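This is a walk through one protein chain, from its overall make-up to single residues. Please keep the sequence and the model side by side while reading.

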Amino acid sequence: MKRIYIFTGKGGVGKSSVAAAHAVKSAGEGKKTLLVSTDMAHNLGDIFEQNLGKAAKTILPNLDAYEIDPEYVMENDFSAVMSYLTSLFPEAEDGSMQNMGMIPGMEELFSLLKIADIYRKEDYERIFVDCAPTGETLSLLKFPELLSWYMEKFFPIGKVAVRMLAPVSKAAFQVEMPNKNAMNEIEKMFLKLVELQELLKDRAVTSVRIVTTPEKMVVEETKRNYMYLNLYNFNVDGIYINRILPEDLDNDFFAQWISIQKEYVTCIKESFAALPVYEIPWYDEELRGEKAIRRIVEDVLTDKDVFAVKNITEREYYEQTEAGYQLNVFLPYAEKENIDLYQAATDLVIRAGNFKRSIPLPNTLRSYMVAGAKLEEGILQIRFEKGSGEHE
């Protein structure tokens, strides 16, 4: 079965080198492998000391690398949508996304759509994705679900509305409604979003792996990252602790740093006891070139199951109760005071910190209301009963 591995983490923790090491190991096993970057500050070319262009390039036997240019993808794969967006922003004379001030997350979205397209059409057995820093990655992963939710409300009445409102919008607001070609492209994109969402949530296909370092701020962000990824129901199946100092350094300057690192390594192992935890040493050279990357492969990625399908984190699930139903959402490391939820029409909206998710309710619960909720051992338990109530 084809597999996708997404590597995320705070900026500067070494995601690219860890993703690259997995790709090198995969190719060495004879699997046709693609290493792809969605980070606008690409550095795969720097790591392998090669120039990468707008298409995948073979850099080692069985290994291709690709630094996605979302603007190029947009202009070539979604030209009708691009033409419509350009008409909305006439000041963008060259029609570029950068000059048009596109919707936040749109560039990352088209990177993901391209990856899904490659997954469907190409014969790569494993795809390794080097993502942007944590915040951008979370926006990247949640955007398909968020946008498809809005588009689902828009279709199928959207086409009728466009025909009726087009003359009014142009006369009153000087705004062009999308033409037939653009609408067809938008509808195609909606279907792609649904497929993409299903692909990212398929635990037999997609794994998310977090790279961190043994530092207080990074560890705390890793916990939040893990919580948010579970909020959106992604399968996190590995933690990589990078840049661990060797304990045999005979140097007073590093003695305290080694002690601090040991404390946070222990903290990470205790906090993520259910996940495989990999420890990567701080090497005495810059990780550039195939030889340097292979050091991670030989020192760390020796586990035969490193590419195995691991369904570790829990899915959200419903269960029937005496009074009605209960929805259980896995939210490790969430704090009660930072969680809010409310029912909006046919959706349940959960807000955790700065992130919000809308969960469509099944038809069975359309006549039910949220009667209460509590956070217990990392699981948000939401009760639905006939009538209404307030969450605890």
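Two residues are in contact here when heavy atoms of theirs lie within 4.5 Å. On that basis, residues 24 or more positions apart account for 71% of the contacts in the protein chain with a separation of 6 or more. The model is a predicted one. Its protein chain holds 12 helices and 15 strands. Of the 392 residues in the chain, 51% are buried. The chain exposes about 19,200 Å², and carbon and sulfur atoms supply 50% of that area.

Strand S5, residues 126-130, is a convenient place to begin. How many of the residues of S5 are buried? The count is 5 of 5, and the strand is mostly covered. Both faces of S5 are covered: Arg126, Phe128 and Asp130 are buried on one side, and Ile127 and Val129 are buried on the other. Strands of a sheet pair through backbone hydrogen bonds, in either a parallel or an antiparallel sense. S5 pairs in the parallel sense with strand S1 (residues 3-8) over 5 bridges, and Ile6 has Val129 of S5 as its bridge partner. Strand S2 (residues 33-37) also pairs with S5 in the parallel sense, over 5 bridges. Here Leu35 stands opposite Phe128 of S5.

Strand S6, residues 206-212, contains Thr206. Is Thr206 buried or exposed? Its relative accessible area is 1%, so Thr206 is buried, the cut-off being under 20%. The side chain of Thr206 reaches the backbone oxygen of Leu199 at 2.9 Å. With neighbours within four places in sequence left aside, the contacts of Thr206 are Arg3, Ile4, Ile6, Leu199, Leu200 and Asn235. Ile6, one of these contacts, is the residue whose bridge partner in S5 is Val129.

Further along the chain there is an open sheet of 3 strands, in the order S11-S12-S13, with antiparallel pairing. Its edge strands are S11 (339-344) and S13 (355-360), each of which pairs on one side only. Neighbouring strands of the sheet are turned by 20 degrees against each other on average, direction ignored. S11 and strand S12 (residues 347-352) run antiparallel and are joined by 6 bridges. Ala344 has Asp347 as its bridge partner in S12. Helix H10, residues 216-231, packs on this sheet and touches S12 and S13. The direction of H10 makes about 175 degrees with that of S12.

The buried nonpolar side chains can be taken next. The largest nonpolar core has 67 residues, and those with the most contacts inside it are Ile127, Leu348, Ile350, Leu380, Ile382 and Phe384. Helix H6 (residues 106-121) gives the largest share of this core, 8 residues. Ile127 was met above as a buried residue of S5. Phe384 has contacts beyond its neighbours within four places in sequence: Ala323, Gly324, Tyr325, Leu327, Gln343, Leu348, Leu361, Leu365, Tyr368, Met369, Val370 and Ala371. Leu348, included in that list, is itself among the core residues with the most contacts. Apart from this core lies another, of 35 residues, including Phe7, Leu63, Ile296 and Phe307.

Conventions. Residues are numbered from 1 along each chain as its sequence is written. This is a predicted model: local features need pLDDT of at least 70, side-chain atom pairs count only at pLDDT 80 or more; totals for chains, interfaces and linings use all residues. Side-chain values use heavy atoms; hydrogens and water are left out. Two strands pair if DSSP finds at least two bridges between them. Helices (H or I, at least four residues) and strands (E, at least two) are DSSP runs, numbered from the N terminus. Axes are lines fitted to C-alpha atoms, for helices over the stretch in contact, and angles run from 0 to 180 degrees between N-to-C directions. Buried means under 20% relative accessible area, exposed over 50%, partly exposed in between (1.4 Å probe, protein chains only). A nonpolar core is a set of buried Ala, Val, Leu, Ile, Met, Phe, Trp, Tyr and Cys residues joined through side-chain atoms within 4.5 Å. A polar contact is a pair of N or O atoms within 3.5 Å; within protein, one must be able to donate a hydrogen and the other to accept it, and residues adjacent in sequence count only if both atoms are side-chain atoms. Accessible areas come from the Shrake-Rupley method with a 1.4 Å probe; for residues, only the protein chains shown count as cover.
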